[in-house]
Amino acid sequence: MRRILTRTGLALLIFAACLMAFPGGSVAEDLPGKGKKVEPGAATWTTGFFLEALYSRACEQLGYDVEEAKKLGAPIFYRSLAEGDLDFWANGWFPLHAEFLPRNWSERIDMAGTVVRAGAVQGYLVSKEHVEEYDIKSLDDFKREEVKEAFDANGDGKADLVACPPGWGCEKTIKFHMNTYDLWDHVNLIKAGYSASMADAIARYNEGEPVFFYTWTPNWTVYKLKPGEDVMWINVPEIVPKEGQKGLEEDMVAKGLTGTVTDPCKMGFVANDIRVVANKKFINNNPAIKTMFSLMSVPFSDIAEQNNKMFEGQDKQEDIERHVDEWIEKNQGKWDAWIEAAKATAK
């Protein structure tokens, strides 16, 4: 409800401003979304919240009535999108999410834009002090007794790894790694809420204890624990692609990435594009949004900076909407050009 009120209030402010600039009601004719509704989806991971709010704001400024976003895991989202129950989300990770697309998806789903190209790096990080103390180079090192004991926070005899909650794309890849590299007897996956689990890990790090976690970029985690200074990216034992990664083996190896134990480093994950994914019928029926989404992009560093603000406590919906205001103000010239181009498409 707070989100709806916020957006309604913003829409009224925009409308009032437009009336002042264009008396006589002619402005309504300039808004291609007048009288049309948009139903966005949003990811359950925190870096997705800002992008959803920003892309929804674009729809609002084109005159659309944007409903409160439905937060969903990736598998359910893509099914809902194909069936027309939702219109879009700005949280598509590809190729990671390719396995969630339904059969003949291209007939019903459209890759409507690219938020960040190849900026989404994923992998496993270990506290630098303990990488050096135990000479850790890859996941295989967590089979050694002294390493397991050092990273065993709950006393179950296994090294504790902050992993991904159920329903996230990374959860399946981590499970694939556990099977492929025979790690189940050596590594304990922490699959509770990611932010809370990482906050616990950072608290342990600050007390000088070893930490071992999965993460992705852009993300607040690498703001708090900087690769190369606090933590190091480690290798998977060998590059073994799962079904959705086949043919992309070279993209599973990072070269020149800051803070790796080796260069190149076998990450085990393909660097992803963050994409806007839309229902095909919806996007084709709304050319203004189609143009807007095709033009929009957000720098990797801006997403990480906003995500860090959320971790610092600015994590309510009104905070995220304020972050959107600030981002638009900072990028006003570019934003206005996108809006004008989108409106022109609809004429």
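In this predicted model, the largest nonpolar core gathers 102 residues, and those with the most contacts inside it are Tyr 124, Phe 142, Phe 212, Phe 293 and Trp 335. Helix α2, spanning residues 47-61, supplies the largest share of this core, with eight residues. Phe 293 is a good place to start looking around. Setting aside residues up to four places away in sequence, Phe 293 touches Tyr 55, Cys 59, Phe 88, Ala 112, Gly 113, Val 276 and Ile 283.

Stepping back, we can take in the chain as a whole. The protein chain contains 13 helices and 14 strands. Its C-alpha atoms fill a box of roughly 75 × 45 × 35 Å along the principal axes. Does the radius of gyration suit a compact globule, or what value would one expect? For 347 residues, a compact globule would have a radius of gyration near 20 Å, and the 22 Å of the protein chain agrees with this. Of the 347 residues, 53% count as buried. The accessible surface comes to about 15,200 Å², and carbon and sulfur atoms account for 51% of that area.

Contacts and charges add to this overview. Among contacts between residues at least 6 apart in sequence, 76% join residues at least 24 apart. The protein chain carries 40 positive and 53 negative charges, and the mean positions of these two groups are 6 Å apart.

Helix α3 offers a closer view of buried residues. Within this helix, which covers residues 74-82, Ala 74, Phe 77, Tyr 78, Ser 80, Leu 81 and Ala 82 are buried. The cover over the buried residues of α3 includes the strands β2 (41-42), β5 (88-94), β6 (109-120) and β14 (272-279). Just after α3 comes Gly 84, which takes a positive phi of about 80°.

A second helix, α11, can be explored through a single residue. Ala 304 lies in this helix, which runs over residues 300-311. Is Ala 304 buried or exposed? Ala 304 has a relative accessible area of 5%; because buried means under 20%, Ala 304 is buried. Which residues are in contact with Ala 304, leaving aside its neighbours within four places in sequence? They are Pro 218, Asn 219 and Tyr 223. Pro 218 shows how the fold brings separate parts of the sequence together: Ala 304 and Pro 218 are 86 residues apart in sequence, yet their C-alpha atoms are 4.7 Å apart in space.

Terms used. Residues are numbered from 1 along each chain as its sequence is written. This is a predicted model: local features need pLDDT of at least 70, side-chain atom pairs count only at pLDDT 80 or more; totals for chains, interfaces and linings use all residues. Side-chain values use heavy atoms; hydrogens and water are left out. Helices (H or I, at least four residues) and strands (E, at least two) are DSSP runs, numbered from the N terminus. The radius of gyration is taken over C-alpha atoms; the globule rule is 2.2 Å times the number of residues to the power 0.38. Buried means under 20% relative accessible area, exposed over 50%, partly exposed in between (1.4 Å probe, protein chains only). Contact means heavy atoms within 4.5 Å. Accessible areas come from the Shrake-Rupley method with a 1.4 Å probe; for residues, only the protein chains shown count as cover. Lys and Arg count as positive and Asp and Glu as negative; His and the chain ends are not counted. The place of a charge is taken as NZ of Lys, CZ of Arg, CG of Asp or CD of Glu. A nonpolar core is a set of buried Ala, Val, Leu, Ile, Met, Phe, Trp, Tyr and Cys residues joined through side-chain atoms within 4.5 Å.
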